[in-house]
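Please look at the sequence and the structure shown here, and keep them at hand while reading the report that goes with them.

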Amino acid sequence: MSCAHAAGISPATFGVLRLPRTVVVGAGQRFAVADIAAQFGTNVLICTDPRLALSEELQALVRILKDRDLTVRVYGDTEAELPTPGILACVEELDGQETDVIVGFGGGSCMDMAKVVSVLLTHGGKPSDYYGEFAVPGPTKPVIAVPTTAGTGSEATAIAVVSDPDLGMKMGISSPHIIPFAAVCDPELTYSCPPSLTAATGADTFVHLVESFTAITRKPTAALANERVLVGKNVLTDSIALNGIGLVGRHLVTAYKDPENEEARAGMMLAALYGGVVLSNAGTAAAHAIQYPVGAMTHTPHGVGVGLLLPYVVRHNFEAIQPQLAQIAKVLGRDIGELDQRDAALAGVEAIDEVIAAIELPATLKDIGLQESDLAHVAALSLNSKRLIDNNPVPLDLEAVNSIVHAAFVGYRTIR
């Protein structure tokens with residue numbers, strides 16, 4: 001697929017936007033789940049994790065569902081990073097039981113569990129049957145996604161990420177058929193998130209928005225939307241991404257330092273939703289590709305890894321994304337009125353650095369325990385995430401990824 005930048009094509013006339021059928025945002029809106037679920041039948045499965053299964057918030061949700069005369073089953077053993085044996089265990093436990101609608105209640109793993117269980121209940125098989133893009137053959141049982149963190153954006157995405165122990169790596173299922181029917185985003189569910197979780201999930205949101213806004217621009221053929229789930233930067237995702245970046249700039253640091261600030265929590269919940277929308281259509285790039293092996297080796301949170309890597313990735317891509325970086329500088333509050341494009345872009349890089357530093361993420365890969373001897377292996381494994389590597393605004397080969405990884409290890413932040 002040729003690059004539109006290289007061909008001199010403006011992206012301003014092409015866009016792709018695949019979304020949940022219903023999006024509900026606001027304090028107290030989690031109680032809208034009962035009305036939505038009742039549209040599909042009487043048997044509700046809730047996928048959540050062990051901590052949330054015992055929470056008052058979940059018990060309250062179960063009560064309102066039962067008040068609508070719905071039968072509710074809670075699967076509360078969803079594991080972090082979503083290993084595939086746990087998905088199969090959930091499906092086996094449901095054998096012979098009718099399920100009309102599935103609620104994913106929790107972080108990204110819980111929502112992705114609901115998506116993959118929906119696929120398996122509808123089409124059978126095992127998760128590996130659906131790895132890659134467009135492998136889900138048709139519609140699935142409806143999913144209602146209820147995030148309890150402001151980060152992954154899974155409530156709005158056509159993507160589910162699982163950990164496959166047989167392959168020793170994370171794998172993705174990408175299909176428009178797994179976009180949740182409804183995303184119900186209630187910031188009250190994030191009030192109890194500790195600062196470290198707020199930082200990690202908020203960084204994930206920030207990287208979704210920045211990488212999608214600075215992704216490759218592809219030549220807009222009539223077949224593009226049917227050839228790729230992630231089509232690259234486009235006119236429909238750009239405005240959403242910029243709005244989301246502005247929300248992060250106004251609210252992430254406050255939510256991190258003042259967890260009870262309701263305005264900041266609401267702003268970050270909206271930013272996370274926007275991040276999910278843009279990553280599901282435009283797509284992320286190098287920071288996400290490199291984080292997958294980094295996370296596996298260091299056992300650090302996904303958001304910490306991508307947030308740490310973002311300053312190095314935007315520097316590597318700098319020459320190709322100066323106009324976008326200038327716009328990012330503006331929405332993050334920098335006065336760029338008197339600056340030429342390069343200086344305005346440099347202001348954007350500095351503004352990105354400030355957001356990451358303010359939530360106290362580690363500054364280098366060395367700081368999270370990666371060894372220098374691991375760097376070549378990380379770079380090689382990063383290339384396995386081809387859909388993300390291909391989405392980067394400049395072409396990436398092993399040498400280029402190695403340069404990003406080495407810079408992120410030693411903290412080298414000079415723009416060439």
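The report below goes through the sheets, a selection of helices, the nonpolar cores and two buried residues.

## Basis of the model

The coordinates belong to a predicted model, and every value in this report should be read with that in mind.

## The six-stranded sheet

Six strands are arranged as an open sheet in the order 1-9-6-4-2-3, and their pairing is parallel. Strand 1 and strand 3 (71-75) stand at its edges, and because each has a single partner strand, one side of each is left without a neighbour in the sheet. From one strand to the next, the twist averages 15 degrees.

Several of the pairings can be followed residue by residue. Strand 1 (residues 22-25) is joined to strand 9 by four bridges in the parallel sense, with Val25 having Cys185 of strand 9 as its bridge partner. Strand 9 also pairs with strand 6 (residues 143-147), again in the parallel sense but over two bridges, and here Ala145 stands opposite Ala183. Elsewhere in the sheet, strand 2 (residues 43-47) and strand 4 (residues 101-106) run parallel and are joined by four bridges, Val44 being matched with its bridge partner Val101 in strand 4.

Strand 9 (residues 182-185) has Ala182 and Val184 pointing one way and Ala183 and Cys185 pointing the other way, and all of these residues are buried. Helix 10 (residues 262-281) lies across strand 1, strand 6 and strand 9, and runs at about 160 degrees to strand 1.

## The three-stranded sheet

A separate description applies to the open sheet of three strands, which has the order 5-8-7 and mixed pairing. Its edge strands are strand 5 (132-133) and strand 7 (159-164), each of which pairs on one side only. Strand 5 and strand 8 (residues 169-174) run parallel and are joined by two bridges, and the bridge partner of Glu133 in strand 8 is Ser174.

## The annotated C-terminal region

An unreviewed UniProt entry lists residues 198-409 as "domain: Fe-containing alcohol dehydrogenase-like C-terminal". In the predicted model, the chain over residues 198-409 is 67% helix and 0% strand, and the C-alpha atoms at the two ends of this range are 24 Å apart.

## Two helices and the glycines after them

Helix 6 (residues 108-123) has 16 residues, which at 1.5 Å a residue should span 22 Å, and its end C-alpha atoms are 22 Å apart, so the expected and modelled spans agree. Twelve of the 16 residues are buried, and helix 6 is therefore largely enclosed by the rest of the structure; among the buried residues are Asp112 and Lys115, together with Met111, Val116 and Leu120. Helix 6 is followed by Gly124, whose phi is positive, near 80 degrees.

In helix 13 (residues 322-331), the buried residues include Gln322 and Gln324 as well as Leu325 and Ile328. Just after helix 13 comes Gly333, which takes a positive phi of about 95 degrees.

## Nonpolar cores

In soluble globular proteins, nonpolar side chains tend to be buried together. The largest nonpolar core here has 79 residues, of which Phe206, Leu325 and Leu365 touch the most other members. When residues up to four places away in sequence are not counted, Phe206 touches Ile245, Val248, Leu310, Leu332, Ile352, Val355 and Ile356. Apart from this core lies another, of 24 residues, among them Ile36, Val103, Ala182 and Leu189.

## Two buried residues and their surroundings

Which residues surround Thr148, once its neighbours within four places in sequence are left aside? Thr148 lies in the loop between strand 6 and strand 7, and with a relative accessible area of 5%, under the 20% cut-off, Thr148 counts as buried. Leaving those sequence neighbours aside, Thr148 is in contact with Leu52, Phe105, Gly106, Gly107, Leu189, Thr190 and Cys193.

Ser382 is placed in helix 15 (residues 375-382) and is buried, with a relative accessible area of 0%. Not counting residues up to four places away in sequence, Ser382 touches Ala289, Ile290, Pro293, Ile389 and Val401. The C-alpha atoms of Ser382 and Tyr292 are separated by 7.1 Å, although these two residues are 90 residues apart along the chain.

How values were computed. Residues numbered from 1 in each chain as written. Predicted model: local features only at pLDDT ≥ 70, side-chain atom pairs only at ≥ 80, totals over all residues. Heavy atoms only, no water. Core = buried A, V, L, I, M, F, W, Y, C linked by side-chain atoms within 4.5 Å. Buried < 20%, exposed > 50% of the residue type's maximum accessible area, 1.4 Å probe, protein only. Contact = heavy atoms within 4.5 Å. Pairing = 2+ DSSP bridges. Axes fitted to C-alpha atoms, helices over the stretch in contact; angles between N-to-C directions. UniProt positions renumbered as here; feature names shortened; annotations may be inferred. Expected span 1.5 Å × (residues − 1).
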